[in-house]
Amino acid sequence: MPEWVAAVKEEDLKEEKIKVVNTGNKQIALIRKNNQIYALDNECPHQGCPLKSGTLDDYTLKCACHNWGFDIRTGENVDTGEYIDMDDPKVDTYEIKIENGIISVFV
């Protein structure tokens, strides 16, 4: 059953930085972009590489292993082409809330 999990102090998440938090059985990448906070799985669906090691370009997080790009707002793969060998190469995204300066993730 999904529940709210306290993840990190809001002040510890800097603009355009990626912070990974453990929420039990998941690693979630938190990203602050234009003062909005996004939460998504820290694992690329292709071969499980950690997305934290990737690069953020605008709203696209590029996996460091094979350069697959994911929109941090939706989790959708933004790349096209024959090298995408999966039907739906999407990263799960999560709702967040901020209360008393603490970012929580609904996982």
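## Close-up views of an all-strand chain

Residues 24 or more positions apart account for 38% of those contacts in the chain that have a separation of 6 or more. The model shown in every view is predicted.

**Figure 1. The whole chain, built from strands.** The chain has 10 strands and zero helices. From the N terminus on, the elements read β-β-β-β-β-β-β-β-β-β. The radius of gyration is 13 Å, close to the 13 Å that the globule rule gives for 107 residues, so the chain is as compact as a globular protein of that length. Along its principal axes the C-alpha trace spans about 45 × 30 × 20 Å. Of the 107 residues, 40% count as buried. The accessible surface comes to about 6,300 Å². Carbon and sulfur atoms hold 41% of that surface.

**Figure 2. An open sheet of four strands.** The strand order is β2-β3-β4-β8, and the pairing is antiparallel. β2 and β8 are the edge strands, each pairing on one side only. Five bridges join β2 to β3 in the antiparallel sense. Within this pair, lysine 19 has leucine 30 of β3 as its bridge partner. On the other edge, β4 and β8 (residues 93-94) pair over two bridges, again antiparallel. Here alanine 39 stands opposite tyrosine 94 in β8.

**Figure 3. The β3-β4 hairpin.** β3 and β4 run antiparallel and are joined by six bridges. Alanine 29 faces leucine 40 of β4 across the pair. Two residues lie between the strands of the hairpin. Asparagine 34 takes a positive phi near 50° in this hairpin. β4 is mostly covered, with five of its six residues buried.

**Figure 4. The largest nonpolar core.** This core holds 16 residues. Which of them touch the most other members? They are Ile31, Leu40, Cys44, Leu51, Leu61, Phe70 and Ile72. β3 (27-33) and β4 (36-41) are the elements that give two or more residues to this core. Another core lies apart from it. That second core has 12 residues, among them Val5, Val8, Val21 and Val107. As a general trend, nonpolar side chains in soluble globular proteins tend to be buried together.

**Figure 5. The surroundings of leucine 51.** Residues up to four places away in sequence are not counted here. Leucine 51 touches Ile18, Leu40, Cys44, Leu61, Cys63, Phe70 and Val91, among others. Its contacts also include Asp41, Asn42 and Glu43. Leu40, Cys44, Leu61 and Phe70 appear again from the previous view, where they are listed with Leu51 among the core residues that touch the most other members.

**Figure 6. A salt bridge between glutamate 10 and arginine 32.** A search of the whole structure finds five salt bridges. In this one, the closest N and O atoms of glutamate 10 and arginine 32 are 3.9 Å apart. The pair links distant parts of the chain. Glutamate 10 sits in the loop between β1 (4-9) and β2 (18-22), and arginine 32 sits in strand β3, 22 residues apart. Are the two partners buried or exposed? Arginine 32 has 7% relative accessibility, so it counts as buried. Glutamate 10 is partly exposed, because its relative accessible area is 28%.

**Figure 7. A salt bridge between arginine 73 and aspartate 71.** The side chains of these two residues meet at 2.9 Å, N to O. Aspartate 71 has 12% relative accessibility and therefore counts as buried. Arginine 73, at 44%, counts as partly exposed. In general, side chains of opposite charge can pair when their charged atoms come close.

**Figure 8. A salt bridge between glutamate 76 and lysine 90.** The closest N and O atoms of glutamate 76 and lysine 90 are 3.7 Å apart. Both residues lie in the loop between β7 (69-71) and β8, so the pair ties together parts that are 14 residues apart in sequence. Glutamate 76 is partly exposed at 37% relative accessibility. Lysine 90 is partly exposed too, with a relative accessible area of 34%.

How values were computed
Residues numbered from 1 in each chain as written. Predicted model: local features only at pLDDT ≥ 70, side-chain atom pairs only at ≥ 80, totals over all residues. Heavy atoms only, no water. Core = buried A, V, L, I, M, F, W, Y, C linked by side-chain atoms within 4.5 Å. Buried < 20%, exposed > 50% of the residue type's maximum accessible area, 1.4 Å probe, protein only. Contact = heavy atoms within 4.5 Å. Pairing = 2+ DSSP bridges. Salt bridge = Lys/Arg side-chain N within 4 Å of Asp/Glu carboxyl O. Rg over C-alpha atoms; globule rule 2.2 N^0.38 Å. Areas by Shrake-Rupley, 256 points an atom, 1.4 Å probe, with all protein chains shown as cover.
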